[in-house]
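Here are a few exercises on how two domains pack against each other. Grab the coordinates and work through them in order.

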Amino acid sequence: MDHFLYRDGVMHAEDVSLTDMVAQVGTPFYCYSTATLTRHFQLFDDALAGMPHLVCYAMKAASNQAILKTLGDLGAGMDVVSGGELARATAAGIPGDRIVFSGVGKTHEEIHAALSLGIRQFNVESEPELRAISEIASSLDARAAVAIRVNPDVDAKTHAKIATGKSENKFGIPIARARDVYAEAAAMPGLDVIGIDVHIGSQLTQLDPFEAAYKKVAELTEVLRADGHDIRRLDLGGGLGIPYSQGNEAPPLPKDYGALIKRTVGHLGCEIEIEPGRLIVGNAGILVSRVIYVKSGQDRDFLILDAAMNDLIRPSMYDAYHDIVPVIQPAVGAERSAYDVVGPVCESGDTFAKARQLTALHEGDLVAFRSAGAYGAVMSSEYNTRPLIPEVLVHGSEFAVVRARPSFDDIINRDTIPYWL
Ligand code: LLP
């Protein structure tokens, strides 16, 4: 459920008409709903009620500080994967003790910064990383709380580019070697080995891969405890999928996911962390764009938008499907025809949808890409020297531009021409 609905024939974001917003912001832009963000965070928090837990939003999905602060104010923790995300979460007021640092290649500088902030936990992915964290922590007279990410060799049954829990993926340590690695870690002076971490992939639309992975984590917890490790926290990652096509998909609900967690690891008495990104922000965001031209090709019509692959790369990169809907509500029963929906970038890959059935659209019409909140703005680039598009956050009848559209000068002036030219 989200808060982008037609009202009096115009799509609204909560109580704000998108046409009003367009008049002030211009197109294209991303628009997020506070009510949807809040609702989705709450669904996870409620799903884990009764267990000590922290929902650590995977901020890689959408990292605008206004989103982070909205979630942080609700009590969310943050899952960060770079020094930049760490700085951003901190700037948004997230306290260190609610920050978990994941990622397969943390640099020494990043580890140092995280230790200085006193973060809650490192999710560690290799033995050399364990050694680096221990050394840096010791040099600061600190002990770093670590969970080791295990690779459970489970097929997440999702797109190959976003599956992370198979042995051929670069993530985590093989679960078969976990006992040795935990023994090594326990002997390192700068580490406090507190838990186990697992994350098997993203956009999972079934629960069984989670179940398989979490059962392995539960078994491993018992084994490691028998080896003398005080395993008291389990980070179960993110990955729960969302419906991208309205009415056609019904991925599992957070409450069923929460019940699965209770069933598989609840008896262990551990504090539970989860790291959802997409489900919190995916359907809380849309991308609003304008039709520049409608062009008749040899055997098809092209809808040429002012948004492009640099603004939303998911269709080009993963063949991802996004619903595209007109901002002005079409008449009931209005005829549909097929369009190839494309952007202005000079690549054939700049295609959002092929042969998409849409009601008639004309030059100047507005459309919205639904479910664009996760991995939309954060993956955008300035390819073709197209400015990063603004982000807008709606709250009831109010809205604010939370990332402004840069001018061409802002972009161009980042370059410097060396003295010999
Ligand atoms: N935790 C870790 C360690 C992760 O690597 C990820 C996502 C998450 C949590 C959050 O997963 P989520 O709940 O959002 O599924 N760009 C791709 C998705 C990449 C996901 C990367 N890792 C896309 O647009 O589909």
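**Exercise 1.** Work out how much area domain 1 and domain 2 bury between them.

*Solution.* Start with the total: the two domains bury about 2000 Å² between them, where buried area is the accessible area (1.4 Å probe) that two parts lose on being put together, summed over both. Next, split it by atom type: 53% of it sits on carbon and sulfur atoms. Then look at who pays on the domain 1 side: Asn283, Tyr318 and Tyr375 lose the most area to domain 2, together 28% of what that side buries.

A note on the input: this is a predicted model, with local features needing pLDDT of at least 70 and side-chain atom pairs pLDDT 80 or more, while totals for chains, interfaces and linings use all residues. Residues are numbered from 1 along each chain as its sequence is written, and side-chain values use heavy atoms, leaving out hydrogens and water.

**Exercise 2.** Find where the domains lie and how many residues each one brings to the contact.

*Solution.* Domain 1 covers 4-31 + 283-412 and domain 2 covers 34-281, with bounds from an automatic or database domain assignment. Their C-alpha centres are 32 Å apart. For the contact (heavy atoms within 4.5 Å), count 23 residues from domain 1 and 24 from domain 2.

**Exercise 3.** Count the residue pairs in polar contact between domain 1 and domain 2.

*Solution.* Take N or O atoms within 3.5 Å, one able to donate a hydrogen and the other to accept it; residues adjacent in sequence count only if both atoms are side-chain atoms. With both residues at pLDDT 80 or more, you get eleven pairs.
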